[in-house]
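Please prepare a briefing on the structure shown below, with the cut-offs behind each term stated once. Surface, core and side-chain features are to be taken in turn.

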There are 2 protein chains.
Amino acid sequence: MPNILTSRFLLGPGPSNCYPEVTAALAHPVIGHLDPLFIERLDNTCEGLRTVWGTQNARTLPLSATGSGGMEAAFVNTVDDGDVAVIAVNGLFGERMCEVARRCGATVVRVDHDWGTPIDVERVLTAHPRPKVIAAVHAETSTGVLSDVASLGQNKGDALLIVDAVTSIGGLELLADDWGIDVGYAGTQKCLGVPPGLSPFTMSGRAFERRIENPRSWYLDVGLLGGYVGAASGSGRTYHHTPPVTMIAGLEA
Amino acid sequence: MPNILTSRFLLGPGPSNCYPEVTAALAHPVIGHLDPLFIERLDNTCEGLRTVWGTQNARTLPLSATGSGGMEAAFVNTVDDGDVAVIAVNGLFGERMCEVARRCGATVVRVDHDWGTPIDVERVLTAHPRPKVIAAVHAETSTGVLSDVASLGQNKGDALLIVDAVTSIGGLELLADDWGIDVGYAGTQKCLGVPPGLSPFTMSGRAFERRIENPRSWYLDVGLLGGYVGAASGSGRTYHHTPPVTMIAGLEA
């Protein structure tokens with residue numbers, strides 16, 4: 001077994017060091033996924049995520065997947081065969097968005113930029129006359145470049161705006177509601193100071209109404225997940241899957 | 001914040017209590033996902049999973065998802081539009097398999113049983129003359145019933161056998177290679193004594209050769225994941241996504 005007590009000072013484009021209270025929470029006893037204590041913890045966690053996302057969206061929750069799983073959830077719930085997705089590409093994660101959207105059946109319109117430069121809002125907005133979604137990375141993990149997603153949101157027209165906030169959440173100003181972000185996904189392992197493994201996810205009511213019903217993915221179906229986190233269905237909380245109770249305890253802390 | 005030190009004695013059909021060494025490992029410092037120490041940890045973990053699965057499969061790894069995510073990975077990598085999937089249903093998780101397979105595009109042939117009874121191997125094997133996959137739950141979490149998946153494997157013919165071992169892995173005899181299991185998925189939160197959040201997954205070489213290339217899911221694509229866990233590509237380890245390093249530390253412990 002490797003030396004599991006090795007401590008590293010992490011400043012690279014991977015996970016960051018955790019807050020001590022997070023580490024402590026991970027070591028607490030496991031509780032059941034339907035335990036009232038866990039439900040309270042989940043509700044608290046969703047409320048905390050609304051704060052870091054800058055949103056009032058009912059559908060704000062920690063997906064049981066990493067940031068890349070969050071990316072997949074964003075597309076599988078919004079695009080299906082033939083839907084047009086305009087995607088700004090200025091780094092690795094914009095590239096990945098194109099591949100994920102393509103697998104969901106979308107017709108992808110790429111707007112390429114030199115890596116290391118921010119996205120050109122005007123080019124992205126004029127790339128297609130009527131896309132179903134426009135997608136961009138807020139802060140490209142692969143290059144460290146910040147882009148102006150607020151301007152995309154203010155001028156998106158009828159399209160839904162998908163934003164990757166894996167690297168920015170908790171570290172940079174992020175105002176999903178004010179900026180017009182319809183679907184956002186993030187990671188826990190950077191500015192939130194929690195180990196990787198959950199994806200803070202948020203979806204506006206507007207996006208939910210226009211979601212793909214019965215998406216290809218059961219695991220990441222926000223229509224079903226809404227029933228579990230409770231926000232979508234009032235008191236009618238339904239079992240979906242057994243969530244990572246311990247990781248959620250860490251995120252709550 | 002709820003009382004996070006509450007300890008429960010967990011004997012229900014949800015997560016079980018963790019081993020103390022697992023809990024301790026979760027509290028250790030986070031390391032990078034490309035750190036040689038983590039790679040060694042991942043390799044050790046895959047080797048341990050081969051032991052509990054009873055397999056030599058190179059493609060044996062902890063998926064960054066829960067057991068239900070493992071179920072989705074099993075189907076999305078093996079069935080596409082129009083492929084026939086014979087599914088034994090004798091509880092909630094057999095039901096779920098049907099829904100997941102349907103969303104992957106499969107033509108589902110259900111073989112229904114009364115809940116609380118084991119599956120009838122003969123009926124399952126004769127339900128369709130030439131299915132691409134046959135799927136069954138080893139121990140139904142929802143009822144506690146054990147079924148004879150070894151007999152399914154010995155008589156599966158040309159079909160691929162998918163087995164859900166969420167509740168049985170680490171607690172009951174499980175011999176994937178001897179029994180002819182082609183694709184298996186499990187959970188960490190029951191007999192392995194690790195919190196929920198990872199899915200121990202294994203896939204035979206035979207199943208890998210007949211997998212869906214470019215499946216609808218990028219996140220759960222075993223063709224891509226094989227590059228990361230290293231077994232499939234020799235020394236050419238490639239970055240896929242940032243895995244839950246802390247949860248994997250717990251699983252290794």
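Chain A exposes about 8800 Å², of which carbon and sulfur atoms supply 52%, the areas being obtained by the Shrake-Rupley method with a 1.4 Å probe and, for residues, only the protein chains shown counting as cover. This is a predicted model, in which local features need pLDDT of at least 70 and side-chain atom pairs count only at pLDDT 80 or more, while totals for chains, interfaces and linings use all residues. Residues are numbered from 1 along each chain as its sequence is written, chains are lettered from A and ligands numbered from 1 in the order in which they are written, and side-chain values use heavy atoms, with hydrogens and water left out.

**Burial and core**
- Of the 253 residues in chain A, 63% are buried, which is to say under 20% relative accessible area, with exposed meaning over 50% and partly exposed in between (1.4 Å probe, protein chains only).
- The largest nonpolar core (buried Ala, Val, Leu, Ile, Met, Phe, Trp, Tyr and Cys residues joined through side-chain atoms within 4.5 Å) has 84 residues, and those with the most contacts inside it include Phe75(A) and Phe75(B).
- Beyond its neighbours within four places in sequence, Phe75(B) is in contact (heavy atoms within 4.5 Å) with residues including Ile87(B), Met97(B) and Ile162(B).

**Charges over rings**
- Arg211(A) lies over the face of Phe208(A), at 3.9 Å from the ring centre, where the criterion is NZ of Lys or CZ of Arg within 6 Å of the ring centre and within 35 degrees of the ring normal.
- In chain B, the charged end of Arg211(B) sits over the ring of Phe208(B), 3.8 Å from its centre.
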